[in-house]
Amino acid sequence: MQIKFYRLTVILVIGFVHSITLSTSVKAQKSMLEYKEALVNTKKIKQGENSKFQNLEIFVMPSEYSIRYPKGWFVDIEAWGKEPRGVKPITIYDRQIYNSSRESELIRLITTSIYPVSVSFEQTIQESKSQSFKIMRQGYTKIGGKEAYRIWNALDSETDGRYEITTLIRHPNETMVISSLYFPSNAGVAVPIIQKIHGSYRSLRP
């Protein structure tokens with residue numbers, strides 16, 4: 001009886017461990033499938049019928065600016081901060097992928113934040129450089145006829161391994177900030193889209 005009981009206990013333990021392993025494996029496979037699905041959906045934007053950016057939508061912040069983004073993406077208007085003239089920051093993103101380990105943050109394949117700051121163009125550049133983890137590229141450019149400065153930044157684990165492209169646009173006594181996060185493994189898809197979004201910015205202020 002003792003031998004039979006021992007064998008039964010061993011069988012139950014092995015079955016329990018196998019169940020846990022199988023459950024963990026299924027969850028891992030599901031997470032990977034969700035990531036691959038998000039990646040495929042984003043690649044569809046790149047592989048459009050006639051053009052990578054054939055279907056663009058436009059967001060307008062009245063009397064402030066307009067910006068374009070791929071059709072089917074989302075725009076959230078934030079409520080935090082006291083920006084110049086009450087202009088609220090916005091976030092443009094493709095879709096949710098998974099939950100970060102940090103405070104249940106939602107991580108997306110490509111996300112872009114747009115907001116003005118009451119700081120001069122020159123000072124904003126210097127502050128952005130000092131806060132950068134590792135600058136890969138930087139330099140002046142033009143966005144909608146306005147002077148701009150772009151910083152390509154490799155970020156640390158605080159961003160779950162994502163890289164950042166930030167464009168700073170000169171305005172009188174303030175700066176418009178357009179900042180995008182993306183995964184370096186998805187750079188071939190993400191970077192052209194981000195550059196298109198940043199480059200579509202147009203000021204509506206006199």
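**Exercise 1: Partners of Thr167**

Find the bridge partner of Thr167 in strand 11.

*Solution.* Start on strand 11: there, Thr167 has Ile178 as its bridge partner. Before going on, note that you're looking at a predicted model, where local features need pLDDT of at least 70 and side-chain atom pairs count only at pLDDT 80 or more, while totals for chains, interfaces and linings use all residues. Residues are numbered from 1 along each chain as its sequence is written, and side-chain values use heavy atoms, with hydrogens and water left out.

Next, step back to the strands themselves (DSSP runs of E, at least two residues; helices are runs of H or I, at least four; both numbered from the N terminus). Strand 10 (residues 163-171) pairs with strand 11 (residues 174-182) in the antiparallel sense, over nine bridges; pairing takes at least two DSSP bridges. Two residues sit between the strands of this hairpin, and Asn173 takes a positive phi near 65°.

Now look at strand 9, which is joined to strand 10 by seven bridges and runs antiparallel to it. Here Thr167 turns up again, as the bridge partner of Arg150.

**Exercise 2: The seven-stranded sheet**

Work out the strand order of the open sheet of seven strands, and say which strands stand at its edges.

*Solution.* Follow the antiparallel pairings and you get 3-4-7-11-10-9-8. Strand 3 (74-77) and strand 8 (134-143) each have a single partner, so one side of each has no neighbour in the sheet. On average, neighbouring strands are turned by 15° against each other, direction ignored. (Angles run from 0 to 180 degrees between N-to-C directions, with axes fitted to C-alpha atoms, for helices over the stretch in contact.)

Then add helix 3 (residues 187-199), which packs on this sheet and touches strands 7, 8, 9, 10 and 11. Its direction makes about 160° with that of strand 11. Contact here means heavy atoms within 4.5 Å.

**Exercise 3: Two cores**

Which residues touch the most other members of the largest nonpolar core?

*Solution.* The core holds 28 residues, and the ones to pick are Tyr65, Ile67, Ile90, Ile114 and Tyr201. A core is a set of buried Ala, Val, Leu, Ile, Met, Phe, Trp, Tyr and Cys residues joined through side-chain atoms within 4.5 Å; buried means under 20% relative accessible area with a 1.4 Å probe, protein chains only. Sort by element, and helix 3 gives the most, with six residues. Apart from this core lies another, of eight residues, including Val119, Phe121, Tyr149 and Val177.

For a check on burial, try strand 10: seven of its nine residues are buried. Over in strand 7, Ile110 counts as buried because its relative accessibility is 0%.

**Exercise 4: The smaller sheet**

Give the order of the open sheet of three strands.

*Solution.* The order is 1-2-12, with antiparallel pairing. Strand 1 and strand 12 (202-203) are the edges: each has a single partner, so one side of each lacks a neighbour in the sheet. Strand 2 and strand 12 are joined by two bridges, and Ser66 has Arg202 as its bridge partner in strand 12. Helix 3 shows up here too, lying across strands 1, 2 and 12 at about 160° to strand 2.

Key
Buried means under 20% relative accessible area, exposed over 50%, partly exposed in between (1.4 Å probe, protein chains only).
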